[in-house]
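Colleague: Got a minute to go through this one with me? I'd like to talk about pockets and helix packing.
Modeller: Sure, let me bring it up.

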Amino acid sequence: MDITDPPPLPSKQSKNGISALGNAPRSKYGPRIIRRKKKGSSTTADANDTPAHIENNTQLHHIISTTLPKDYEFEIPKTIWRIEKADATAVALQLPEGLLMYASTIGDILIKFAYRFQPPSQKGG
């Protein structure tokens with residue numbers, strides 16, 4: 001053993017090959033590393049591809065282009081598709097403080113164009 005080599009780790013292996021430091025068998029190759037897939041590596045169609053009735057809705061795109069700033073991509077068509085796909089009955093918006101002024105506009109757009117979204121009925125009188 002050289003002076004620069006780290007000291008060996010204590011081997012506390014039982015007869016069945018399971019380490020006393022944990023219940024996983026020791027491997028001569030080291031720990032198993034699981035990596036996430038990259039976003040562009042999917043071989044199937046993207047789950048968030050919006051259908052034609054949303055992508056080709058000229059009224060929706062006109063309202064988005066005239067009421068929301070062009071500096072930001074709010075992904076309204078994608079959000080409408082996710083609301084429809086999930087058959088959501090309630091939706092919450094979370095925006096950074098600088099974009100809160102657009103929350104009511106975005107909410108109005110979602111209520112108007114997310115066909116399955118039913119706003120809660122107002123009770124009282």
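Modeller: Let's start with the second largest pocket: α2 (58-67) and α3 each supply at least two residues of its lining. Keep in mind that this is a predicted model.

Colleague: OK, which element gives the most to that lining?
Modeller: That's α2, with three residues.

Colleague: And which residues line the second largest pocket overall?
Modeller: His-61, Ile-64, Ser-65, Leu-68, Pro-69, Lys-70, Tyr-72, Glu-73, Phe-74, Glu-75, Ile-76 and Pro-77. By class, they divide into seven nonpolar, two polar and three charged.

Colleague: How much space lies in there?
Modeller: About 170 Å³.

Colleague: Now the helices. At what angle do α2 and α3 pack?
Modeller: About 130 degrees, and their axes are 11 Å apart. The two helices are therefore oblique to each other.

Colleague: Which residues make the contact?
Modeller: From α2 you have Leu-60, His-61 and Ile-64, and from α3 there's Ile-76, Pro-77 and Ile-80. Five of the contact residues are nonpolar, one is polar and none is charged. His-61, Ile-64, Ile-76 and Pro-77 are in that contact, and those four are also in the lining of the second largest pocket.

Colleague: What about α3 and α4, how far apart are their axes?
Modeller: 10 Å, with an angle of about 50 degrees between helix α3 (residues 76-86) and helix α4 (residues 103-113). That angle makes α3 oblique to α4.

Colleague: Left-handed or right-handed crossing?
Modeller: Right-handed, as α3 passes α4.

Colleague: Which residues in α3 and α4 meet?
Modeller: On the α3 side, Ile-76, Thr-79, Ile-80, Ile-83 and Glu-84; on the α4 side, Ile-106, Ile-109, Leu-110 and Phe-113. The split for that contact is seven nonpolar, one polar and one charged.

Colleague: Back to pockets. What's the volume of the largest pocket?
Modeller: About 200 Å³.

Colleague: And what lines the largest pocket?
Modeller: Glu-73, Phe-74, Ile-76, Thr-79, Ala-92, Leu-93, Gln-94, Leu-95, Ile-106 and Leu-110. The elements that give two or more residues to that lining are α3 and α4.

Colleague: How does the lining of the largest pocket split by class?
Modeller: Seven nonpolar, two polar and one charged.

Colleague: Any residue that keeps turning up? Where does Ile-76 appear, for one?
Modeller: Ile-76 is in the lining of the largest pocket and in that of the second largest pocket. Ile-76 also takes part in the contact of α3 with α2 and in the one with α4.

Definitions and conventions
Residues are numbered from 1 along each chain as its sequence is written. This is a predicted model: local features need pLDDT of at least 70, side-chain atom pairs count only at pLDDT 80 or more; totals for chains, interfaces and linings use all residues. Side-chain values use heavy atoms; hydrogens and water are left out. Axes are lines fitted to C-alpha atoms, for helices over the stretch in contact, and angles run from 0 to 180 degrees between N-to-C directions. Helices (H or I, at least four residues) and strands (E, at least two) are DSSP runs, numbered from the N terminus. Angles under 35 degrees count as roughly parallel, over 145 as roughly antiparallel, 65 to 115 as roughly perpendicular and the rest as oblique. A crossing is left-handed if the near helix is turned anticlockwise from the far one by less than a right angle, and right-handed if clockwise. Contact means heavy atoms within 4.5 Å. Ala, Val, Leu, Ile, Met, Phe, Trp, Tyr, Cys and Pro count as nonpolar, Asp, Glu, Lys and Arg as charged, and the others, Gly among them, as polar. On a 1 Å grid over the protein atoms alone, a cavity is a set of points where a 1.4 Å probe fits but cannot get out, and a pocket is an open set with protein on both sides within 12 Å along at least five of seven lines; lining residues have an atom within 4 Å of a point. Grid points are joined across faces, edges and corners, and a volume is the space filled by probe spheres set on the points.
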